[in-house]
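Please open the model in your viewer and keep the selection panel at hand. The stops below are meant to be followed in order, with a selection to make at each one.

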Amino acid sequence: MKIYCDYCGTQIDTELHRNCPNCGGSYAGDEELIKEQERLDKLNDLEMRREELRTDRMELENSSYMQKMRSEKEITAFRRIIKYVLIAMFVGFFIYAMVRAANMMDRAEDRMAENSPPASAAETAE
Ligand SMILES: [Zn+2]
């Protein structure tokens with residue numbers, strides 16, 4: 001950085017000179033330099049804090065992503081169960097309807113047998 005010598009006012013480039021190139025004065029305790037150092041320290045702190053925040057955010061995003069994946073898996077499993085339940089209900093109802101239809105047909109046949117001549121009734125009687 002560039003500061004001004006406290007003794008003679010010459011501009012000093014601190015990266016090139018350890019002392020004032022004009023009067024040889026030390027700038028070790030120079031107010032500008034100390035302030036600049038503090039500023040750089042603060043910037044460093046901010047940079048570190050920002051890095052921490054960035055890491056925190058990444059962790060948060062990761063965990064919320066994992067949570068989302070998990071809940072999606074649960075929803076998929078739930079949907080699968082619902083699907084199987086519906087299929088089972090449908091199959092059950094189908095079987096019930098078939099059995100009912102068969103019973104009705106048996107009863108109709110019985111009624112027809114009751115109405116037919118005795119010889120035929122003897123054939124179909126149980
Ligand atoms: Zn000087």
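Begin by selecting Tyr65, which, with 10 C-beta neighbours inside 10 Å, counts as exposed, because the cut-off for that class is 12 or fewer. What you have picked is a residue of helix H1. Add Asp45 to the selection and draw a C-alpha to C-alpha distance: the two residues are 20 apart in sequence and 30 Å apart in space.

Now extend the selection to the whole of H1, residues 31-115, which comprises 85 residues and spans 123 Å from its first C-alpha to its last, a value close to the 126 Å expected at 1.5 Å a residue. If you colour these 85 residues by burial, the number that counts as buried is zero, so the helix lies largely in the open. While following the backbone, keep in mind that an α-helix has 3.6 residues a turn, so residues three or four places apart point the same way.

Before going further, switch to colouring by confidence, since this is a predicted model. The mean pLDDT of the protein is 89, with 92% of its residues at 70 or more. Confidence is highest in H1, at a mean of 94, and lowest in helix H2 (residues 118-124), at a mean of 56.

Next, select Ser116, in the loop between H1 and H2. Ser116 has 12 C-beta neighbours inside 10 Å and therefore counts as exposed. Add Asn19, which is 97 residues away from Ser116 along the chain, and the distance between the two C-alpha atoms comes to 132 Å.

Then move to Asp6, which sits in the loop joining strand E1 (2-4) and strand E2 (11-13). How many C-beta neighbours does Asp6 have inside 10 Å? There are 17, so Asp6 counts as partly exposed. Leaving aside residues up to four places away in sequence, Asp6 touches Gly25, Tyr27 and Asp30, and these are worth displaying together with it. For a long-range view, add Arg107, which is 101 residues from Asp6 in sequence and, C-alpha to C-alpha, 120 Å from Asp6 in space.

Finally, clear the selection and zoom out to the entire protein, which has two helices and two strands, arranged along the sequence in the pattern β-β-α-α. Aligned on the principal axes, the C-alpha atoms fill a box of roughly 145 × 15 × 15 Å. The radius of gyration is 47 Å, whereas a compact globule of 126 residues would have a value near 14 Å. With burial colouring restored, 3% of the 126 residues count as buried. If you list the contacts with a separation of 6 or more, residues 24 or more positions apart account for 16% of them.

Note on methods:
Residues numbered from 1 in each chain as written. Predicted model: local features only at pLDDT ≥ 70, side-chain atom pairs only at ≥ 80, totals over all residues. Helix = DSSP H or I, 4+ residues; strand = E, 2+ residues; numbered from the N terminus. Expected span 1.5 Å × (residues − 1). Buried ≥ 20, exposed ≤ 12 C-beta atoms within 10 Å, placed from the backbone. pLDDT = per-residue confidence, 0-100. Contact = placed C-beta atoms within 7 Å. Rg over C-alpha atoms; globule rule 2.2 N^0.38 Å.
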